[in-house]
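Biologist: Before we discuss the terms used for this model, please display the sequence and the structure.

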Amino acid sequence: MGADTELLGLLSDGFFHSGAELGRTLKISRSAVWKRIRILVKSGIEVYAVPGRGYRLTEPVELLDSSTILAGLNDKARRLLSGLDILTEVDSTNLYLLQKASAGAPSGYACLAERQHAGRGRRGRQWLSPFGGNIYLSLLWRFAEQTPALSGLSLAIGIAVTNSLETLGVTGIGVKWPNDILWQGRKLAGILLDTAGEAAGPCHVVAGIGINVAMPAGAAISQPWIDLREIVGHRIARNALAGRVLQHLLLTLHQFQQKGLAPFLPEWDRLDLLKDKDVTVQLADRTVTGRAQGVNQQGALLVAHGGVTRAYHSGEVSVRGTE
Ligand code: BTN
């Protein structure tokens, strides 16, 4: 455990701790405590420092803990998991695993971070990733050969994340093609797939999941968003949630590798937020409109217009009249 993690562990209850007390526990001087606190603050962690009282985090934090997360996995998921890194801070958990993959990390390797300073969203967007409140999780999976069906993987992962939230009692959520998880039109979770490897040979995918669990008030996010705290009315335990999501992801990737998208299609139909909605699809070179009709066997969005139904493999979709 690094010194910062140790200090964070002491502060995680959200109560004041004096410099003297922290110094005694960490076996360092009060000025060394102050230096450590400054490093935390520089890395984006909000710490109140009040003369005469000491230091405290702005909110209590349940720090990520690998043994609690692993305890949430069943035997099958544990066998599929080849490694789990818990990081206090990283640029992006996806980039971290892409680097590990290049260095030979095996399929089923996962990582979680307390904070990302360069969290990545789809289409080159930023993913706001403040410390200690949300889930930033990535999983590496290796495929023996590239198959066209890999295009449906992002839908299967959207289903996995939604199902894992449902098992924790979160209701009223669904998936907007290809994999935005929304609650009443507001974004709760996002998925970013990074694929690397040969066009017709072995390849690997890093599936990155960001879930808004408890965002700081006034977070600067450029689209309507929601967090789990607002949906369920309390802070969901992050380690239990991380374990549940990881379990669903591992089993989903395993099943997808063997059977492709087909077994997931009925569940897609249940969770599909665009079904029978009038939509606009923003393509690279033009915009199309029509009525969304679900997805085909490859996971492409079906849109009917003027009696013709066409399949779209990529594009930014909005529901007409609501966005
Ligand atoms: C989206 O734009 O909807 C996708 C957001 C994906 C965010 C997650 S957080 C964990 C992983 N690491 C990243 O840098 N991005 C993904």
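Modeller: The model is a predicted one. The shell around the ligand divides into six nonpolar, 10 polar and four charged residues.

Biologist: Which residues of the shell around the ligand come nearest, and what makes a residue count as near?

Modeller: A residue is near if one of its heavy atoms lies within 4 Å of the ligand. There are 20 residues around the ligand, and Ser92, Gln116, Arg120, Arg122 and Lys187 come nearest.

Biologist: Which elements supply at least two residues of that shell, and which gives the most?

Modeller: At least two residues each come from α6 (93-102), β5 (135-143), β8 (186-197) and β9 (203-211). The most come from β8, which contributes four residues.

Biologist: What makes the approach of glutamine 116 to a nitrogen atom of the ligand a polar contact?

Modeller: The cut-off for a pair of N or O atoms is 3.5 Å. A polar side-chain atom of glutamine 116 is 2.9 Å from a ligand nitrogen atom, so the pair is within the cut-off and counts as a polar contact. For threonine 93, an N or O atom of the side chain is 3.0 Å from a nitrogen atom of the ligand. Arginine 120 instead uses a backbone N or O atom, which lies 2.7 Å from a ligand nitrogen atom. As for cover, the ligand taken alone exposes 420 Å², of which the protein buries 99%.

Biologist: How do you know that β4 and β5 pair?

Modeller: Pairing requires at least two bridges between two strands. Strand β4 (residues 109-113) and β5 have four bridges in the antiparallel sense, and therefore they pair. One of the positions concerned is alanine 110, whose bridge partner in β5 is leucine 139.

Biologist: What is the strand order of the open sheet of seven strands, and why is one side of β3 and of β6 left without a neighbour?

Modeller: The order is β3-β4-β5-β9-β8-β7-β6, with mixed pairing. β3 (83-87) and β6 stand at the edges and have a single partner strand each, so one side of each lacks a neighbour in the sheet. On average, neighbouring strands of this sheet are turned by 20° against each other, direction ignored.

Biologist: How is β6 joined to β7, and which way do the side chains of β6 point?

Modeller: A hairpin of three residues makes the connection between β6 and β7. β6 and strand β7 (residues 180-183) pair in the antiparallel sense over four bridges, and isoleucine 173 has tryptophan 183 as its bridge partner in β7. Within β6 (residues 173-176), Ile173 and Val175 point one way and Gly174 and Lys176 the other. All four are called buried because their relative accessible area is under 20%.

Biologist: What is the order of the open sheet of five strands, and why do β13 and β14 each have one side without a neighbour?

Modeller: That order is β13-β12-β11-β10-β14, with antiparallel pairing. β13 (308-312) and β14 (316-319) are at the edges with a single partner strand each, so one side of each has no neighbour in the sheet. The average turn between neighbouring strands here is 45°, direction ignored.

Biologist: What are the partners of these edge strands, and how do the side chains of β14 alternate?

Modeller: Strand β12 (residues 301-305) pairs with β13 over five bridges, and leucine 301 stands opposite tyrosine 312. Strand β10 (residues 278-282) pairs with β14 over four bridges, where glutamine 282 has glutamate 316 as its bridge partner. In β14, Val317 and Val319 point to one face and are buried, whereas Glu316 and Ser318 point to the other and are not.

Note on methods. Residues are numbered from 1 along each chain as its sequence is written. This is a predicted model: local features need pLDDT of at least 70, side-chain atom pairs count only at pLDDT 80 or more; totals for chains, interfaces and linings use all residues. Side-chain values use heavy atoms; hydrogens and water are left out. Buried means under 20% relative accessible area, exposed over 50%, partly exposed in between (1.4 Å probe, protein chains only). A polar contact is a pair of N or O atoms within 3.5 Å; within protein, one must be able to donate a hydrogen and the other to accept it, and residues adjacent in sequence count only if both atoms are side-chain atoms. Accessible areas come from the Shrake-Rupley method with a 1.4 Å probe; for residues, only the protein chains shown count as cover. Ala, Val, Leu, Ile, Met, Phe, Trp, Tyr, Cys and Pro count as nonpolar, Asp, Glu, Lys and Arg as charged, and the others, Gly among them, as polar. Axes are lines fitted to C-alpha atoms, for helices over the stretch in contact, and angles run from 0 to 180 degrees between N-to-C directions.
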